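I sat down with this one and a fresh page. Notes below, in the order I looked things up.

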Amino acid sequence: MHVSTKRLASSRFAFPGASDKEIRILKRNALIDRAFERSTQAFALAVLLLLGAILVSLCVSSWDTLSAHAVDFLTGDRWAANMEMFGALPAIYGTLVTSLIAVAIAVPVSFGIAIFLTEKCPEILRRPLGITVELLAGIPSIIYGMWGVEMLAPFLNHIFPDLFPAGSGLATAGLVLAIMIIPFITAISRDVMLTVPPITRESAYGLGCTTWEVVRGVIFPTVRHGMMGGVVLGLGRALGETMAVTFVIGNNLFFHPTITGQGTSIAALIANQFPEADGAQRSALLALGLVLFLITFAVLATARYMLNRIERRAA
Amino acid sequence: MRHYTSALYRRRRFVNRCAMVLCLLAAFFGLAWLVLILGTLMVKGVSALSLDVFFERTRMRDGGLGNAILGSLILTSAATAIGTLVGVAAGTWLAEYGGKSRLARAVRFINDVLLSAPSIIIGLFVYAVLVLPMGHFSGWAGIAALTVIIVPVVIRSTEDMLNLVPTELREAASALGAHRWWVVSRVCYSGARAGIVTGILLGGARISGETAPLLFTSLNSNQWNFFDMQGEMPNLPMTLYQNMTINSFIPDLVNLAWTGAMILTLGILILNIVARFVSRQSH
Amino acid sequence: MLKTSCSALLAGVLALHGIQASAQETMTGAGATFPYPVYSQWADDYQDAKGIGLNYQAIGSGGGIKQITAKTVTFGASDAPLKKDELDEHGLMQWPMIMGGVVPVLNLPGTEKNSLKLDGETLADIYAGKITHWDDAAIADLNPDVDLPDTAITPVYRAEGSGTNFLFTHYLSQVNDEFADTIGEGKSVAWPAGVGAKANAGVAKQVAETEGAIGYVEFAYAKQNDLDHIRLRNHDGEYVEPSSDSFKAAAANADWSNAPGFYLVLTDQVGADSWPITGASFILMHKQVEDPAAAKRVLEFFDWAYANGGDAANELDYVPMPENVADQVRDSWGDIEGPQGESIWP
């Protein structure tokens, strides 16, 4: 669409009647053009470098652990800094379990809210409710953590004393995470469901479908990938969450195959121990950070792939 | 009339009713928790609210949150300013020059990854590259961490918004003899301004509540810090965290933490609403 | 508009950065959480009295050592003292600032308050996950008069590294060899069972809310939450109540004048009245300081705290250092020198 201004400016033949001054202005603008493009490109490249820098710095600073005991690190079943035992298994297990619990609870609820918002909600409520959900997605995670430890944990302990003898645990953390990501997944699912063209929807209703049949047979198949992408983005959030989790996860550093019992997550372990850590412990914690980054990287790449498919379709 | 009473019809209607009731229940379930949280926040937050909260520094007795609020404002606005510069520039390149090139696709993908990278990892990264070499926690490190978090948000919204500017506008300007940089900075930006500002505001709202990246970067302080970026910078999220943990043996400080939580949430909600208002203006 | 507002913001930030309020004199320190309540109280009182503020960040003993070694703070604080050779290696000196006791607390409805007796051995087995119920024979043997319920035991411990952990595990390792081998002493320890809570206050709260829980906290937190505490058998075989008196009895054994570099851990001390888990918290400073004015400010603060901080310490159930130890410490400050080798104290 743009003809190269550089060539135009440098060629007298393009503007046979142009004065020297005009050509000088053209040349100067061509220079600004190139400077503008190059400088914005430099910033874009900086983003690329940033990811590289994060990976490199984490690798370098955790090299002692990775090079010396990579296998022990990934399979060790306890994290005892005083004995220089750094097993990441309890933290990895806790991270995955809490996130999966969160997603298992949040997905049906979020989809339910999204279906309600797009299909059933009275017109007057639709906008305010939608905005409320989006606003709630912006509440900082530390608030969820504070609420979890002050209200939810004692509540669970009170209602199910046998399952939650201390209130805190992996399941409690999973529940707090679920509450945290519900608005997030709801907002994405609703946006994705709204990309279904009204005409498709109306045709299905016209054939006599019930609302549920429209949702299941028309909307879900059309935006399957987009909704999955939203779910996986929510999962990514839950995996890396620190503040909502540390308060209520129970912080037990031994590997116990438990759901309601105490455990720890990668982010919680880093938050608890990093300020005090030195030497081997710090290196091991940074290695743990690298593991978390790689897990979330894989999850987010999947999510992006799925969301990109829906975006291409929408476009 | 037969098909209205047929078993199939009844079953379809039944399934539909069940599904819709479940959706309604889900909506109630989800919103109930959130109402509970906001309710707790308001009830517990209001109890310790007073003017002193805004003008006193944090201390063990009779303190406020003034220094923490000021510090949070400094950190957030500085990170937002730097993030705007970097993010708008990079987003411009992606939308206007990058197109579908391999480099642009790579940057876009990496940006999406960074957009939802765990914030504690960002904190570790800044600790490794800034705090360790400098030898101490500092406001600069906190700003760096928050900048890394806000930049992807701004890039994303800038690119999306510039893509919404119709190509015809660019072509019209070019046809009149405008140079590319002029087209971008005068035509495209003015078309996408509201959207970009919205993105920046939402990014600012997001980073103002981040705690994990500040744990190892700006740390916290109980003193007023008027722009001594070399020193530890007090901030609201860390103060909440400390008041709920090491300070939680003092009931007044726990109450103050709830008040701080309420102030923080209200601030973020207001930023969100302003952002929405700005984006509405453009339509 | 975007560009102008953005550059205005940047310019504003940079300009204000130039101003750099230096009117307020402050001291910086970082380290242990165990003495955090009393240091913070002293700091507030001192700021009211002298107008000089202290930013003490309770980032943990290890963090305090790290920060002072890196010279980013004027003083560091640690609950675990450094050995003489470690001090010399970094050109540091240390002294005890305050003492306190770690107290096992429990939540066991149905038993009389503060009646349960335990010895170190049994306590270690509970924390090692070997004793899982309150009516275990080992506990019953020590408490023939108490009707113990069959409630499950939930050990509560510190989630983060801490000096309280160090004192507690140091004591348990001394009295139970198996504990020393499998769990060991240290600031960050992996406990086989139970719940990790944040900070002393978190442990106290968790114990208060959990039936069957046992925990260990600095005494102030136990009293403040009105928690049921354990009577612990000390080195002489006597069951003692935790109190300022029993902490002082343990501290009285401490022979600071013969401890090179003030290295002394006060757990499992002899004496019929001694509380077995007593410890001092230490201050670390460089012998050769770069900023003599800042160092002098800090020393003046500690001098003031030794002289005037006793009431605040007692109120929070810490044990202030005896006057003679304080004088020894003041004498040792003579070793601190400025860049030109000049002595900065007094």
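**Chain A, order of elements.** I started with the layout of chain A: read along the sequence, it goes α-α-α-β-β-α-α-α-α-α-α-α-α-α. My tally for chain A is twelve helices and two strands. Note to self: this is a predicted model.

**Chain A, overall form.** I looked up the radius of gyration next. Chain A comes out at 26 Å, where a compact globule of 315 residues would be near 20 Å. The C-alpha trace of chain A spans about 90 × 65 × 30 Å along its principal axes. I also checked burial, and 53% of the 315 residues in chain A are buried. For contacts in chain A with a separation of 6 or more, I get 74% from residues 24 or more positions apart.

**Chain A, domains.** The assignment splits chain A into domain 1 (2-61) and domain 2 (71-314). Taken over C-alpha atoms, the centres of domain 1 and domain 2 of chain A are 43 Å apart.

**Chain A, the UniProt record.** I pulled the annotation for chain A: the unreviewed UniProt entry lists "transmembrane region" at residues 42-63, 91-117, 129-147, 167-188 and 284-307. I then held two of these spans against the model. Residues 284-307 of chain A are 100% helix and 0% strand, with the end C-alpha atoms 34 Å apart. Residues 167-188 of chain A are 86% helix and 0% strand, and there the end C-alpha atoms are 32 Å apart.

**A against B.** How many residues of chain A are in contact with chain B? I get 68 of them, in contact with 69 residues of chain B. On the chain A side, the elements that give two or more residues include α2 (20-61), α4 (89-120), α7 (170-194) and α12 (279-314). Of the elements, α2(A) gives the most to that side, with 20 residues. By class, the side of chain A that touches chain B divides into 45 nonpolar, 18 polar and five charged residues.

**C against A.** I did the same for chain C, where 27 residues are in contact with 24 residues of chain A. From chain C, α3 (61-69), β7 (195-197) and α9 (199-209) each supply at least two residues of the side that touches chain A. Here α3(C) gives the most, with three residues. The class split on the chain C side is nine nonpolar, 13 polar and five charged.

**Chain B, domains.** Chain B is assigned domain 1 (2-47) and domain 2 (52-281). I get 36 Å between the centres of domain 1 and domain 2 of chain B, over C-alpha atoms. Five residues of domain 1 of chain B are in contact with six residues of domain 2 of chain B. On the domain 1 side, those residues are two nonpolar, two polar and one charged.

**Chain B, the UniProt record.** The unreviewed UniProt entry gives "domain: ABC transmembrane type-1" for residues 69-275 of chain B. In the model, residues 69-275 of chain B are 76% helix and 0% strand, and the end C-alpha atoms lie 21 Å apart. UniProt (unreviewed entry again) also places "transmembrane region" at residues 72-97, 109-131, 137-155 and 253-275 of chain B. I checked two of those as well. Residues 253-275 of chain B are 100% helix and 0% strand, with the end C-alpha atoms 32 Å apart. For residues 109-131 of chain B, I read 87% helix, 0% strand and 28 Å between the end C-alpha atoms.

**Backbone oddities.** Last, I went through positive phi values outside glycine. B:L219 is not a glycine, yet its phi is positive, about 50°. I find B:L219 in the loop between α9 (180-208) and α10 (236-244) of chain B. Is B:L219 buried or exposed? B:L219 counts as buried because it has 27 C-beta neighbours inside 10 Å, and the cut-off for buried is 20 or more.

C:D268 is another residue other than glycine with a positive phi, near 55°. C:D268 sits in the loop between α11 (244-252) and β12 (278-286) of chain C. I count 18 other C-beta atoms within 10 Å of C:D268, so it is partly exposed.

Conventions
Residues numbered from 1 in each chain as written. Chains lettered and ligands numbered in written order. Predicted model: local features only at pLDDT ≥ 70, side-chain atom pairs only at ≥ 80, totals over all residues. Contact = placed C-beta atoms within 7 Å. Helix = DSSP H or I, 4+ residues; strand = E, 2+ residues; numbered from the N terminus. Nonpolar A, V, L, I, M, F, W, Y, C, P; charged D, E, K, R; others polar. UniProt positions renumbered as here; feature names shortened; annotations may be inferred. Rg over C-alpha atoms; globule rule 2.2 N^0.38 Å. Buried ≥ 20, exposed ≤ 12 C-beta atoms within 10 Å, placed from the backbone. Domains from an automatic or database assignment.
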